[in-house]
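Here are a few exercises to work through with the coordinates open. Try each task before you read its solution.

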Amino acid sequence: MSNIKVVIDGVGSCIPDKVMKNEDFINSEFYQENGERFETENDVIIQKFESITGIKERRYANEDQTTSDLAAIAAERALSKSSIDAEALDYIIMAHNFGDMKFGSNRSDFMPSLAARVKNKLGIKNPATSCFDVIFGCPGWLQAAIQATQMIKSGDAKNIMVIGAETISRIIDIYDRNCMIFSDGAGATIFSAAEEGSKGGVLSQVSRTDADAELDYLAMGPSYNPAAQDGNLYIKMLGRKIYEYALLTVAGSIKVAMDKANVGLMDVHKILIHQANEKMDEAILKKLFKLYGEQRDMDEIMPMTIQTLGNSSVATVPTMLDLILENKLDGHKIESGNVIVFASVGAGMHINAMVYKMP
């Protein structure tokens, strides 16, 4: 691998306008995995849900928007803040998990690729701008960023658009209380070969997959409502299993990436973790502190957006990065020279992490 440095040159996001608050689920019918309806009142279920996940509200896409629509908006905003023209993109890599789904249907549409659809929506005419999608669970955006970094370092490309976008509100089982976790959104970043002499860029990266007993911790399955068996499949998760897996493995993977970059805990300015569950992310960070035998102010080092944006899967980390860079996340700033850690965990089960120094 060459000594080419890779920097982020432009970040954009698309946060849908439609707000769904927790109280909007008060009249929902929630069923258990065995098909029996919960006897607990919904207000109690919702209160417990909020205390564990931290989620108070989330965003849903408008009825006339698809995943690639949100992605194109985020991509356009990233380009507007970059130093390059859209025609200079060598690749567009689009991370998602369910394709384009029209409102009222949970049927996935993967062809043509969503990356190609984004290229079309952006009006890019350059035939050398190649497009492909990445399916890697919630860590998809970060895995696409890892691929982009490797491609640039190999000399195969100079500028790569990496997008994470999802409309998970269309693949949830409304009878499953876990449906309250998920949301819609998009985040886009442009990774570029740095100019000679740049002091910033990607310092290290790591990824892993555990696909033995962990394979179906997040998977597709029928509705929990016995009266709603129409052949459709919905996103299903084993919350306790995922929590235990994440606590056991994620902090160690982050440390591997930090060690590869020769970066210590006290050197890190921010850790941007996939917004899956507030309590889980806090537990991961506490485990990381324990691995280093050091303490940091958790609220200062780990920004959170899950309270108001929910879990938008591949979009959480790039969206959070954009909000911080735009000074739209209270109490958090990123400046030149700061060391940032990106980390994610999700269906696969996959984990990845990247250490990045702001130019």
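## Backbone oddities, cysteines and cores

**Exercise 1.** Keep in mind that this is a predicted model. Find where Asn262 and Ser313 sit, and decide whether each is buried or exposed.

*Solution.* Start with the background: most residues other than glycine have a negative phi, and most peptide bonds are trans. Now check Asn262: its phi is positive, near 55°. Asn262 lies in the loop between helix H5 (239-260) and strand S11 (268-273). Next comes Ser313, with a positive phi of about 60°, in the loop between helix H8 (306-309) and helix H9 (316-325). Last step, accessibility: Asn262 is at 69% relative accessibility, so it counts as exposed. Ser313 has a relative accessible area of 3%, so it is buried.

**Exercise 2.** Scan omega: which loops hold Pro112 and Met349?

*Solution.* Take the bond from Met111 to Pro112 first: it is cis, with omega near 0°. Pro112 belongs to the loop between strand S4 (91-95) and helix H3 (114-122). Then go to Gly348 and Met349, whose peptide bond is cis too, with omega near -10°. Here the loop is the one between strand S12 (339-346) and strand S13 (350-357).

**Exercise 3.** How many disulfides are there?

*Solution.* The cut-off you need is cysteine sulfur atoms within 2.5 Å. Applying it gives 0 disulfides. Try Cys14: the nearest cysteine sulfur belongs to Cys138 and is 18 Å away. Cys14 is buried, at 7% relative accessible area. Then try Cys138: its nearest cysteine sulfur, that of Cys179, is 16 Å away. Cys138 is buried as well, at 14%.

**Exercise 4.** Which element gives the largest share of the largest nonpolar core, and what does Ile254 touch there?

*Solution.* As a reminder, in soluble globular proteins nonpolar side chains tend to be buried together. The largest nonpolar core here has 56 residues, and Ile254, Met258 and Leu288 have the most contacts inside it. Among the elements that give two or more residues to this core are helix H1 (42-53), helix H6 (278-292), S12 and S13. The largest share, 8 residues, comes from H5. Now zoom in on Ile254 and skip its neighbours within four places in sequence: the contacts left are Ile284, Leu288, Val341, Ala343 and Ala353. To finish, look for what lies apart from this core: another one, of 38 residues, including Val6, Ile152, Leu272 and Tyr356.

Conventions. Residues numbered from 1 in each chain as written. Predicted model: local features only at pLDDT ≥ 70, side-chain atom pairs only at ≥ 80, totals over all residues. Heavy atoms only, no water. Helix = DSSP H or I, 4+ residues; strand = E, 2+ residues; numbered from the N terminus. Buried < 20%, exposed > 50% of the residue type's maximum accessible area, 1.4 Å probe, protein only. Core = buried A, V, L, I, M, F, W, Y, C linked by side-chain atoms within 4.5 Å. Contact = heavy atoms within 4.5 Å.
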